Amino acid sequence: MLRRWRGTAAGLCCTLLLAAGCSAGAAAATGRYTGQSVEVVGSWTGAEQANFERVLRAFGDQTGARVRYTSGGSDLSVLVSSRLGSGNPPDVAMIPQPGVLAQYAASGAAKPVTGAVATAVRANFSPQWQQLGTVGGQLYGVYFKAANKSVIWYRADAFAAAGVGPPATLDELTEVSQTLVDSGTPAMTVPGADGWPLTDWFENVYLQLAGPQRYDQLAAHELPWTDPTVVEALRTMGRYWAAPQFLQGGPKVALQTTFTRSVADVFGAKPTSAMLYEADFVTTEIAKLGVYRVGSDARHFAWPSLAGTGHMVVAGGDAAVAFTDRPVTMDLMAYLASPEAAAIMAGRGGFLSVNRNLDTAVYPDATTRELAETLLHAETLRFDLSDMTPRSFGGGNGASMWRLLQAYLAAPASDPAVVAARLEDAAAKAYGAA
């Protein structure tokens with residue numbers, strides 16, 4: 001049994017037709033928004049889109065509204081900006097980058113949320129996730145979907161054959177990787193053709209090495225990218241990437257490997273390496289391949305720590321942001337903040353929620369449940385750093401951080417101080433233009 005939507009006044013139930021005590025049938029019968037349309041745009045396609053459309057249909061069934069979803073794929077920001085420029089904004093956009101959200105808020109395009117939406121967010125989300133959706137003291141974003149980006153996946157058979165177990169520290173990761181190589185299996189597949197996994201590598205190394213305070217300062221560009229902590233993080237990454245056979249096919253092959261290909265390289269019918277670093281959503285791709293079963297054959301461990309740093313997690317997420325302030329828009333935003341909406345997607349897999357009133361029993365397997373609970377209870381949690389920056393630097397296709405880390409992957413033995421200087425040049429331009 002799911003915990004019902006708590007912390008709201010009784011009157012909110014009848015206002016939204018969605019909260020605890022108001023049945024879907026009664027809401028549908030009321031049909032408050034019959035004849036009205038509302039549009040949501042997002043980056044999700046395929047199974048994610050289909051599952052999210054189930055959420056939107058539930059809102060429509062309860063209110064009578066016609067809800068349409070439009071996918072912008074990897075070019076979501078282009079789609080939103082184009083629609084804003086033409087004077088035809090979507091009602092709601094699922095924005096994956098707090099830096100982009102802040103830009104929309106600063107321009108006045110995004111609409112602040114108050115009233116029932118703010119009440120639902122305060123009831124169902126921790127202060128940290130509320131803050132991530134806040135700009136200038138105003139709440140704009142409702143974090144509907146989250147991602148645990150501090151996970152390394154591995155084949156249990158490869159580890160057993162090499163006689164190794166999951167490493168707990170970065171030094172142990174190096175030792176395990178070398179043992180795997182010595183046993184005849186390349187340690188790690190890296191999807192370098194897609195720039196965003198490389199930014200995730202940096203963020204996990206940097207958070208462990210520099211700590212949360214410097215991480216926050218770097219995200220805000222209050223700390224230059226030439227800082228010694230950045231250079232040391234780059235050096236740590238480069239040392240691993242350059243180690244013989246640690247990367248499947250070496251850096252050259254890694255630069256040609258896409259995210260989808262990397263999953264098949266580890267968990268496909270003919271696996272070529274033992275590990276893959278990437279977020280929880282990799283489970284969906286593993287399941288599609290139908291060879292290894294998540295939780296038994298395909299397992300995971302937390303991103304290795306430095307001695308004494310404790311468990312730190314890098315998270316991502318998609319925030320619902322309103323671009324119109326119509327009543328139907330705001331009621332949809334309140335619904336997306338509810339545990340009922342989260343439960344629809346959580347029960348189908350490939351989805352994590354940070355709604356603290358969602359009963360985690362709804363997740364379809366123990367692995368997903370564990371990853372979701374880690375997001376809720378991590379000792380230290382920080383949002384994806386590249387997504388906190390201006391889009392031209394870290395938050396989109398062809399962004400400077402993506403390209404410069406790809407160049408570093410191509411030559412991981414190069415001087416990390418030079419890479420840091422190039423990152424700082426790009427960051428200074430991007431933050432100056434923001």
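Visitor: Leaving aside neighbours within four places in sequence, which residues is tryptophan 241 in contact with?
Guide: This is a predicted model: local features need pLDDT of at least 70, side-chain atom pairs count only at pLDDT 80 or more, and totals for chains, interfaces and linings use all residues. Numbering runs from 1 along each chain as its sequence is written, and side-chain values use heavy atoms, without hydrogens and water. With contact meaning heavy atoms within 4.5 Å, the partners of tryptophan 241 are Val190, Leu198, Trp201, Leu247, Pro251, Leu405, Tyr408, Leu409 and Pro412.

Visitor: Is tryptophan 241 buried or exposed?
Guide: Look in helix H12, residues 228-242, for tryptophan 241. Helices (H or I, at least four residues) and strands (E, at least two) are DSSP runs, numbered from the N terminus. Buried means under 20% relative accessible area, exposed over 50%, and partly exposed in between (1.4 Å probe, protein chains only). Tryptophan 241 has a relative accessible area of 1%, so the term for it is buried.

Visitor: How far apart in space are tryptophan 241 and alanine 254?
Guide: In sequence, tryptophan 241 and alanine 254 are 13 residues apart. In space, C-alpha to C-alpha, the value is 9.6 Å.

Visitor: Which residue in the loop between H12 and helix H13 has a positive phi?
Guide: Most residues other than glycine have a negative phi. Follow the chain out of H12 into the loop before helix H13 (250-254). There, with phi near 65°, sits glutamine 245.

Visitor: What is the phi of histidine 221?
Guide: Histidine 221 lies in the loop between helix H11 (212-219) and H12. Its phi is positive, in a residue other than glycine. The value is near 60°.

Visitor: Which residue just after H5 takes a positive phi?
Guide: Helix H5 spans residues 98-107, and its buried residues include Pro98, Val100, Leu101 and Tyr104. Just after H5, phi is about 90° at glycine 108.

Visitor: Which strands are at the edges of the open sheet of four strands?
Guide: The order of this sheet is S8-S9-S7-S10, with mixed pairing. Two strands pair if DSSP finds at least two bridges between them. Each edge strand pairs on one side only; they are S8 (188-189) and S10 (298-302).

Visitor: Which residue in S9 stands opposite threonine 189?
Guide: S8 pairs with strand S9 (residues 275-277) over two bridges, in the parallel sense. Opposite threonine 189, in S9, stands leucine 276.

Visitor: Which residue in S2 stands opposite serine 37?
Guide: Strand S1 (residues 37-42) is mostly covered, with five of its six residues buried. S1 and strand S2 (residues 66-71) are parallel and share six bridges. Across from serine 37, in S2, is arginine 66.

Visitor: What is the radius of gyration of the chain?
Guide: The chain has 22 helices and twelve strands. The globule rule (2.2 Å times the number of residues to the power 0.38, with the radius taken over C-alpha atoms) gives 22 Å for 434 residues. The chain is close to that, so it is as compact as a globular protein of that length, at 22 Å.

Visitor: What share of the residues in the chain is buried?
Guide: The C-alpha atoms fill a box of roughly 65 × 50 × 35 Å along the principal axes. Of contacts with a separation of 6 or more, 75% join residues 24 or more positions apart. Among the 434 residues, the buried share is 56%.
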